[in-house]
Amino acid sequence: MIVAGLLAAALLSAAPPPDSTELVVRVLDVGQGDAILIENGGSRVLIDGGPERSRLGFLLDSLQLNNSTFDVVILTHPHADHLIGLRELFQTRRHINVRFFFENKDPYATANLRYLRDSINSRVAKAGLIYRDTDDPCANGRPVCTITMKGGAKLHIMRPFRPSPNPNNRSVAVKLVGPDSASFTMWLAGDAEQEAIGWFLGAAGYATTPGMRVNVLKADHHGSCNGVTNAYINALKPDAIVTSVGAVNGYKHMHTQAKTLFRNHHIPWYRTDQNGTIIIRTPGTPGGGYSVTAHGATNRSGPSDRRSTQAECNPIP
């Protein structure tokens, strides 16, 4: 069931192909940034776009996504390493249709965000796009908006932490549930840090609705130690962690403390700088399970990895 009737009409307007239950998640190798492509039964979702228009453009070309439709695009928060690539979706020469765009619409003075919002509002004016504020994701006052893709996968888009002036803590959390919920689930929360994580676990009630137990976690904040806590991992209980991170970055990601925590919980990790684009597939059929395809071994380190000196990371709570 889809909460928003208009969204239901948009995503279920065409009959799905015979293999529609397969769900494919690509954690795209975009360097120091996030871009996650989700496809199921002909529905297509993009969460963030990475730090470079040229890189996302190359991926759009290589995946043959020009002249296509993105049913849902989500900008988790307005930092450059998540938003700049999204501008490429709106290039006229690509002939890409975007049906729904979600972001928190907070005031944030950067040229790239202004250009992106201008493109979005131009499409809205032409009645070609629905623009949603993640603080009210289904425009009905409910904190969680559930979207059903054509193949039966579900996205739970959750209202972000409101009081924080830190854009990272305003990241929207998304829970992806495969067509067979027993086979695959995934949690993605942008760059949410410990303050927002505590809110997810407590006052927000997300541990109960939609529930936080998942198979795969997309590491918050590129594997930063400020994007994880022991309580978070205990609530999520992931089998695996995927991290979108640049091989050479000035933030010391992945942080040694985060990797130690993952190791202590016996959870393997994949990372785009060492494993390339990470592809997760589930057939969506009962008992079908899921697979992760990546280059190289798990639990690798990168050249920028260091121990963080942030107070909240010594030790991680």
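This note describes two sheets, one helix and two residues of a predicted model.

1. The first sheet to consider is open and has eight strands, arranged in the order β6-β5-β4-β3-β2-β1-β14-β15 with mixed pairing. Its edges are formed by β6 and β15 (291-293), each of which pairs on one side only. From one strand to the next, the twist averages 15°.

2. Within this eight-strand order, β1 stands beside β14. Strand β1 covers residues 23-27 and strand β14 covers residues 278-282; the two run antiparallel and are joined by five bridges. One specific pairing may be checked by eye: Val-24 has Arg-281 in β14 as its bridge partner.

3. A helix should be viewed together with one end of that sheet. Helix α4, residues 111-125, lies across β5 (97-103) and β6. Relative to β5, helix α4 runs at about 125°.

4. The other sheet is also open, with seven strands in the order β7-β8-β9-β10-β11-β12-β13 and mixed pairing. Because β7 and β13 (269-271) stand at the edges and each has a single partner strand, one side of each is left without a neighbour in the sheet. The twist in this sheet averages 15° from one strand to the next.

5. Inside the seven-strand sheet, strand β9 (residues 173-177) pairs with strand β10 (residues 185-188) in the antiparallel sense, over four bridges. Leu-176 has Met-186 as its bridge partner in β10.

6. Thr-148 offers a point of reference in strand β7, an edge strand of the seven-strand sheet. Is Thr-148 buried or exposed? Its relative accessibility is 10%, and buried means under 20%, so Thr-148 counts as buried. Between the C-alpha atoms of Thr-148 and Leu-75 the distance is 19 Å, with 73 residues separating the two in sequence.

7. Pro-137 belongs to the loop between β6 (130-133) and β7 (144-148). The strands on either side of this loop belong to the two sheets: β6 is listed in the eight-strand order, and β7 in the seven-strand order. Although Pro-137 is in a loop, its relative accessibility is 0%, and Pro-137 therefore counts as buried.

8. Which residues does Pro-137 touch, not counting those up to four places away in sequence? They are Phe-102, Arg-132, Arg-142, Pro-143, Cys-145, Ile-157 and Arg-159. As for Leu-65, which is 72 residues away along the chain, its C-alpha atom is separated from that of Pro-137 by 26 Å.

Technical notes:
Residues are numbered from 1 along each chain as its sequence is written. This is a predicted model: local features need pLDDT of at least 70, side-chain atom pairs count only at pLDDT 80 or more; totals for chains, interfaces and linings use all residues. Side-chain values use heavy atoms; hydrogens and water are left out. Buried means under 20% relative accessible area, exposed over 50%, partly exposed in between (1.4 Å probe, protein chains only). Contact means heavy atoms within 4.5 Å. Two strands pair if DSSP finds at least two bridges between them. Axes are lines fitted to C-alpha atoms, for helices over the stretch in contact, and angles run from 0 to 180 degrees between N-to-C directions.
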